[in-house]
Amino acid sequence: MNEITAKTDAVPDDVLDRLEHVPVAGLSDAMDGLGLPSTILDAGIRRLCGKRMVGRARTVERAPASHNETQADIGAPLGMGTQIVIDTASPRDVVVVAARGGQGAGIVGDNMALRATKRGVVGFVVDGAVR
């Protein structure tokens with residue numbers, strides 16, 4: 001399965017500017033108070049480098065392919081989902097990759113991170129292997 005969120009600029013830059021100064025715990029509590037679904041990340045997801053980030057989420061879901069599948073077997077959307085999100089990202093986007101905790105292969109690496117940075121992406125949130 002591979003799903004990509006539509007590109008949207010739903011959150012204006014001035015709102016992002018204000019959110020940069022809101023404590024994360026306060027923001028999480030406010031979202032919980034509004035009845036929004038879980039605002040807590042799995043404990044295995046943690047910052048590897050950099051600083052706090054605020055931006056518009058661009059999400060993609062990735063499912064691990066079996067070891068004997070080729071690119072032709074899995075198709076371009078599955079094989080290129082993360083790249084598609086990066087290539088269509090806007091400044092201040094955060095790329096969120098739901099990889100089901102997959103540790104069999106790097107979901108994001110330095111080449112993707114460099115391309116994303118050039119497009120203005122402020123960071124990644126990945127529940128899988130990063131290299």
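Is Arg 18 buried or exposed? Select Arg 18 and show its surface: this residue is exposed, with a relative accessible area of 54%. Here, buried means under 20% relative accessible area, exposed means over 50%, and partly exposed is in between (1.4 Å probe, protein chains only).

Before moving on, some ground rules. This is a predicted model, where local features need pLDDT of at least 70 and side-chain atom pairs count only at pLDDT 80 or more, while totals for chains, interfaces and linings use all residues. Residues are numbered from 1 along each chain as its sequence is written, and side-chain values use heavy atoms, leaving out hydrogens and water.

**Stop 1: the whole chain**

Switch to a cartoon view. You'll find four helices and four strands, in the order β-α-α-β-α-β-α-β along the sequence. Helices (H or I, at least four residues) and strands (E, at least two) are DSSP runs, numbered from the N terminus. Of the 131 residues, 27% are buried.

**Stop 2: helix 1 and its charges**

Go back to Arg 18 and add Asp 14. Their side chains meet in a salt bridge, 3.8 Å from N to O. A salt bridge is a side-chain nitrogen of Lys or Arg within 4 Å of a carboxyl oxygen of Asp or Glu. The two residues are four apart in helix 1, so about one helical turn separates them. Asp 14 is partly exposed, at 46% relative accessibility.

**Stop 3: Arg 92 and its partners**

Now select Arg 92, in the loop between helix 3 and strand 3. Arg 92 counts as buried, at 18% relative accessibility. Check the backbone too: phi is near 75°, a positive value in a residue other than glycine.

Add Asp 13, which forms a salt bridge with Arg 92, the closest N and O atoms being 3.8 Å apart. This pair links distant parts of the chain, as Asp 13 is in helix 1 (residues 13–19) and the two residues are 79 apart.

Next, add Glu 20. Its side chain meets that of Arg 92 in another salt bridge (3.5 Å, N to O). Glu 20 lies in the loop between helix 1 and helix 2, so this pair ties together parts that are 72 residues apart in sequence. Bring in Asp 17 and Arg 56 as well: salt bridges with shared partners join Asp 13, Asp 17, Glu 20, Arg 56 and Arg 92 into one network.

While Arg 56 is selected, notice that it lies in strand 2 (residues 56–61) and is buried, at 10% relative accessibility. A polar contact of 2.5 Å joins its side chain to that of Asp 13. Polar contacts are pairs of N or O atoms within 3.5 Å; within protein, one must be able to donate a hydrogen and the other to accept it, and residues adjacent in sequence count only if both atoms are side-chain atoms.

**Stop 4: helix 2**

Select residues 24–33, which make up helix 2. One of its ten residues is buried, so the helix lies largely in the open. Just after helix 2, click on Gly 35, where phi is positive at about 80°.

**Stop 5: Val 108**

Finally, select Val 108 and show what surrounds it. Leaving out residues up to four places away in sequence, Val 108 touches Thr 82, Val 97, Phe 124, Val 126, Ala 129, Val 130 and Arg 131. Contact here means heavy atoms within 4.5 Å.
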